[in-house]
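Student: I'd like a close look at one spot in the interior of this protein, starting from a single residue and working outwards. Take me through what surrounds it, and don't rush.

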Amino acid sequence: MTIDEVISVLEMQEEILQFSHFTNADAWTLGNMLVAEAQRRGASVMISIRLNNGFTVFQYGFDGTNLYNENWISRKQKTVMVTEKSSLHLAMVLRRSGETLEDMMMDPKEFAASGGGFPIRVEEVGVIGSVLVSGMDPVSDHDLIIKAVSRYLHIDEVPRIRAV
């Protein structure tokens with residue numbers, strides 16, 4: 001896939017995977033689906049669902065995860081909160097343009113242009129939070145989220161990215 005094709009797929013994912021509502025109970029159910037998908041893949045990851053007000057409504061770390069993963073999760077969350085796009089989307093836009101986080105006035109110690117952060121967009125409301133994964137390569141972190149959110153929303157036809 002070309003960078004333009006990847007960005008197009010990421011835009012479609014963000015358009016398709018919107019919630020009609022999102023409660024703490026939804027976070028619990030979705031979080032457990034993310035954990036099950038990670039187990040199915042044999043992935044030792046940290047998973048977090050955070051609201052834009054700073055509240056963490058779900059978090060789970062497999063054995064082997066640590067504060068390093070927590071740091072990545074926090075940086076990805078800030079990226080999604082500011083851009084209202086997936087953190088992989090930002091990474092691909094930067095790759096295409098040749099720009100850096102600094103060029104966008106984003107401190108790389110605070111933000112991450114890497115897969116694993118996806119916006120929780122509620123229809124007719126906007127982005128209220130983020131689904132976050134850390135522990136695999138950027139595309140795999142992103143794909144785990146897409147697979148679980150698609151399943152949670154009962155949407156079968158979501159384009160996916162396998163490698164960049």
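**Around isoleucine 120**

Tutor: Let's start with isoleucine 120, which is buried, with a relative accessible area of 0%. Keep in mind as we go that this is a predicted model. Isoleucine 120 sits in strand E3, a strand that runs over residues 117–122.

So who are the neighbours? Leaving aside residues up to four places away in sequence, isoleucine 120 touches Phe19, Phe22 and Ile49, and also a run of residues made up of Gly126, Val127, Ile128, Gly129, Ser130 and Val131. That run falls within strand E4, which covers 126–134. Between E3 and E4 there is a loop, and glutamate 124 is found in it. Glutamate 124 is exposed, at 87% relative accessibility, and its phi is positive, near 65°, although the residue is something other than glycine.

Now follow the contacts to phenylalanine 19. With residues up to four places away again left out, Phe19 touches Leu30, Ile120, Arg121, Val122, Glu123, Val149, Tyr152 and Leu153. Its relative accessibility is 1%, so it counts as buried. The other phenylalanine that isoleucine 120 touches, Phe22, is buried as well.

What do the rings do here? A search of the whole structure turns up four aromatic pairs. One of them joins phenylalanine 19 and phenylalanine 22 edge-to-face, with 5.1 Å from centre to centre and 80° between the planes. Phenylalanine 19 also pairs with tyrosine 152, and that pair is tilted: the centres are 6.1 Å apart and the planes 40° apart. Phenylalanine 19 belongs to the loop between H1 and helix H2 (24–41) while tyrosine 152 belongs to helix H5, so this pair ties together parts that are 133 residues apart in sequence. Tyrosine 152, at 15% relative accessibility, counts as buried, since the cut-off for that word is under 20%. Put the rings together and Phe19, Phe22 and Tyr152 make up one aromatic cluster.

Step back a little to the nonpolar core. The largest one has 29 residues, and those touching the most other members are Phe19, Phe22, Leu30, Leu34, Ile47 and Ile49. Two or more residues each come from H2, strand E1 (46–51), strand E2 (56–61), E3, E4 and H5. H5 gives the largest share, six residues. There is also a second, separate core of nine residues, with Val6, Ile7, Leu10 and Ala91 among them. As a general rule, nonpolar side chains in soluble globular proteins tend to be buried together.

Ile49, which isoleucine 120 touches, brings us to E1. Six of the six residues in E1 are buried. In a regular strand, side chains alternate between the two faces of the sheet. In E1, Met46, Ser48 and Arg50 lie on one side, Ile47, Ile49 and Leu51 lie on the other, and both faces are covered.

How is E1 held between its partners? E1 pairs with E2 in the antiparallel sense over five bridges, and with E4, also in the antiparallel sense, over six. Arginine 50 shows both pairings: its bridge partner in E2 is threonine 56, and in E4 it is serine 130. Serine 130 is also one of the residues that isoleucine 120 touches. Between arginine 50 and isoleucine 120 themselves there are 70 residues in sequence but 9.1 Å in space, C-alpha to C-alpha. E1 and E2 form a hairpin with four residues between them, and glycine 54 in that turn has a positive phi of about 100°.

Last, look at E3 from its other neighbour, helix H4 (87–97). E3 is part of what covers the buried residues of H4, along with helix H1 (3–16), helix H3 (67–83) and helix H5 (138–152). Those buried H4 residues are Ser87, Leu88, His89, Leu90, Ala91, Met92 and Leu94. After H4 comes glycine 98, with a positive phi near 80°. The loop between H4 and E3 holds methionine 105, and this residue too has a positive phi, about 65°, without being a glycine. In contrast to isoleucine 120, with its relative accessible area of 0%, methionine 105 is exposed at 76%.

Definitions and conventions: Residues numbered from 1 in each chain as written. Heavy atoms only, no water. Buried < 20%, exposed > 50% of the residue type's maximum accessible area, 1.4 Å probe, protein only. Contact = heavy atoms within 4.5 Å. Phe/Tyr/Trp six-rings, centres within 6.5 Å; stacked < 30°, edge-to-face > 60°. Core = buried A, V, L, I, M, F, W, Y, C linked by side-chain atoms within 4.5 Å. Pairing = 2+ DSSP bridges.
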